[in-house]
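Here is a small set of exercises to work through with the viewer open. Try each task yourself before you read its solution.

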Amino acid sequence: MTATTMRKLGEVPGPAGWPVVGNALDIRPETFHHQLEAWARQYGAAFRFRIASREYLAVSDPQVIASVLRRRPDAFHRTNRLEQIAADLGFVGVFTANGDTWRRQRPMVLAGLDPGHIRAFLPAMADVTERLRRRWEAAARAGRELDLLAELMRYTVDITTSLAFGKNLNTLEDEGVDTIQQHLNVIFPVLLRRLLAPVDVRHWIPDRALEGHLRALKAAVRDFIAAARAELADQPQLRERPRNLIQALLAARDRPGSGVNDEDVSGNVFTMLLAGEDTTASTLAWMIWLLFRHPREAAVVRAEVDAVLAGDNQVRAFEQLGRLDAIQACAYETMRLKPVAPLIINEAMEEALVGDVLVPRGAYVMCVMRPAAIDAAVLEQAASFQPSRWTAPVGTTGLRQASMPFGAGPRMCPGRYLALAEIRMAAAMLLSCFELEDVGVPGGGEPHEKFTFVMAPENLRMRLRERAGGAAGAASQSAG
């Protein structure tokens with residue numbers, strides 16, 4: 001690239017802003033991803049905008065996005081504002097941390113979420129999935145409508161706490177335990193509003209309405225840590241072979257010269273509670289809605305499930321997970337059309353070239369993730385739900401470059417193996433045991449995409465009936 005083709009940030013087109021506040025008045029946090037996608041259609045694959053003094057370059061070209069993500073955490077990192085907000089809220093974990101803090105935390109978190117740990121954890125996941133089946137069976141028999149996202153959040157919270165902390169909250173069976181979800185559900189919207197605000201007033205003026213939620217969550221985190229410390233004291237061998245993430249974090253914390261401190265432990269416990277709930281539950285909810293809307297694709301997946309489970313009502317062996325290719329294809333196709341992370345915000349740590357734009361140190365680079373993945377010029381029939389495109393023997397390379405649901409580079413999502421395992425287990429159980437009688441929103445139409453740091457379907461409802469001759473019915477008759 002020559003100097004004449006390289007542009008400065010100020011030369012990039014974009015929406016005109018207001019004095020002082022820039023484009024802040026154009027932005028509504030819950031639909032921020034829609035605004036960015038609209039600007040991308042209007043101004044192209046690179047455009048700029050401003051929120052107060054913060055200059056943003058937004059990019060939607062997948063090759064440019066990949067080049068930015070692969071240069072993290074050195075040339076680019078999570079924004080300093082995000083790290084400050086997380087510190088204010090009390091959870092600087094691997095998701096929000098930068099620099100040396102991120103470097104010392106990342107290996108421990110990865111080790112706790114690798115495929116080996118998922119394999120060992122499968123029986124516990126099967127137990128949680130069985131509780132979900134019983135809950136949905138009762139709803140089907142009563143003709144009761146379900147709040148789909150809330151149901152799946154219970155499921156993912158129970159799995160996350162079991163895997164990461166060795167404690168199953170059992171929100172699926174104990175209606176009184178769901179208060180932890182009520183506390184968790186306020187965090188992401190607060191985080192997003194503060195991140196996009198022209199001035200982060202809440203850094204100096206506490207949010208009284210939030211303080212009670214934070215106290216409850218911090219108390220839960222302290223309880224998780226205290227229980228894990230007691231286990232390590234009773235069974236010292238766990239320091240070398242920890243059973244879960246929190247034991248691994250504490251064992252690392254206590255090693256001389258580890259550099260890991262109490263804040264690292266509590267921050268990552270808090271982060272796992274947050275990140276382990278919304279993202280996977282939202283993807284599952286979108287996928288179930290898409291399968292209901294596409295019965296032929298659902299029939300293909302159901303046939304695979306029946307063949308793999310061979311009359312059982314859910315996955316029991318790790319090898320079965322690997323044979324559920326059609327469910328995984330549905331998951332990736334869902335994440336292409338309905339990405340739960342439709343944007344990734346980065347801050348330039350040095351002057352850097354992004355595509356053909358030279359951005360200064362301190363500028364923000366907004367990766368807008370969906371446009372390329374649904375572009376008809378990039379992908380044939382891009383707007384349609386076609387899971388088979390992910391299992392085709394050729395042609396998937398460009399597809400995977402255009403759709404990056406777990407990010408790319410060194411900061412790729414460490415929880416991707418767990419997320420895909422949860423999706424496959426829950427979907428296999430659902431299709432084995434139930435028919436989707438109705439999945440939708442009151443009044444019909446497409447569910448509203450609500451962005452609160454995670455893009456989720458709003459007010460999505462589900463009604464089930466037991467599958468005639470299915471595994472649920474067979475299991476119930478056998479038990480009777």
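**Exercise 1. Find the surroundings of W39.**
Task: work out which residues W39 is in contact with, leaving aside its neighbours within four places in sequence.

Solution. Start with the contact list: beyond that local window, W39 touches P15, N23, D26, I27, G44, F47 and F49. Bear in mind as you look that this is a predicted model. Next, place the residue: W39 sits in helix α1, which covers residues 32-43. Then check its exposure: W39 has a relative accessible area of 5%, and the cut-off for buried is under 20%, so W39 is buried. Finally, try a distance: G14 is 25 residues away from W39 along the chain, and their C-alpha atoms are 7.5 Å apart.

**Exercise 2. Describe the overall build.**
Task: decide how the protein's radius of gyration compares with the globule rule for 480 residues.

Solution. First take stock of the secondary structure, which comprises 17 helices and 13 strands. The radius of gyration is 23 Å, close to the 23 Å from the globule rule for 480 residues, so the protein is as compact as a globular protein of that length. Along the principal axes, the C-alpha atoms fill a box of roughly 75 × 55 × 45 Å. Now turn to burial and contacts: 54% of the 480 residues are buried. Of the contacts between residues at least 6 apart in sequence, 74% join residues at least 24 apart. For the surface, the protein exposes about 20100 Å², with carbon and sulfur atoms supplying 53% of that area. Last come the charges: there are 56 positive and 56 negative side chains, and the centres of the two sets are 2 Å apart.

**Exercise 3. Trace the five-stranded sheet.**
Task: find the order of the 5 strands in the open sheet, and say which strands stand at the edges.

Solution. Reading across, the order is β2-β3-β9-β6-β4, and the pairing is mixed. The edge strands are β2 (46-51) and β4 (76-77); each has a single partner strand, so one side of each has no neighbour in the sheet.

Take the β2 edge next. β2 runs antiparallel to β3 (residues 54-59), and 6 bridges join them. Within this pair, F49 stands opposite Y56 in β3. The two strands form a hairpin with 2 residues between them, and A52 in the turn has a positive phi of about 55 degrees. F49 also links back to the first exercise, as one of the residues in contact with W39.

Now the other edge. β4 pairs with β6 (residues 343-348) in the antiparallel sense over 2 bridges. There, F76 has A348 as its bridge partner in β6.

**Exercise 4. Read the faces of a strand.**
Task: along β11, which side chains are buried, and which are not?

Solution. Here is the background: in a regular strand the side chains alternate between the two faces of the sheet. In β11 (residues 448-451), E449 and F451 point to one face and are buried, whereas H448 and K450 point to the other face and are not. The partner is β12 (residues 455-458), paired with β11 in the antiparallel sense over 4 bridges. E449 has P457 as its bridge partner in β12. A hairpin with 3 residues between the strands joins β11 and β12, and F453 in its turn has a positive phi of about 80 degrees.

**Exercise 5. Check the backbone for unusual angles.**
Task: examine the phi angles of V20 and A310, and the peptide bond from R72 to P73.

Solution. Recall the usual case: most residues other than glycine have a negative phi, and most peptide bonds are trans. V20, not a glycine, has a positive phi of about 70 degrees. V20 lies in the loop between β1 (7-8) and α1, and its relative accessibility of 68% makes it exposed. A310 is not a glycine either, and its phi is positive at about 50 degrees. A310 is found in the loop between α12 (295-309) and α13 (318-322), and is exposed with a relative accessible area of 65%. As for the peptide bond from R72 to P73, it is cis, with omega near 5 degrees. P73 belongs to the loop between α2 (62-69) and β4.

Methods. Residues numbered from 1 in each chain as written. Heavy atoms only, no water. Rg over C-alpha atoms; globule rule 2.2 N^0.38 Å. Buried < 20%, exposed > 50% of the residue type's maximum accessible area, 1.4 Å probe, protein only. Contact = heavy atoms within 4.5 Å. Areas by Shrake-Rupley, 256 points an atom, 1.4 Å probe, with all protein chains shown as cover. Lys, Arg positive; Asp, Glu negative; His and termini not counted. Charge placed at Lys NZ, Arg CZ, Asp CG, Glu CD. Pairing = 2+ DSSP bridges.
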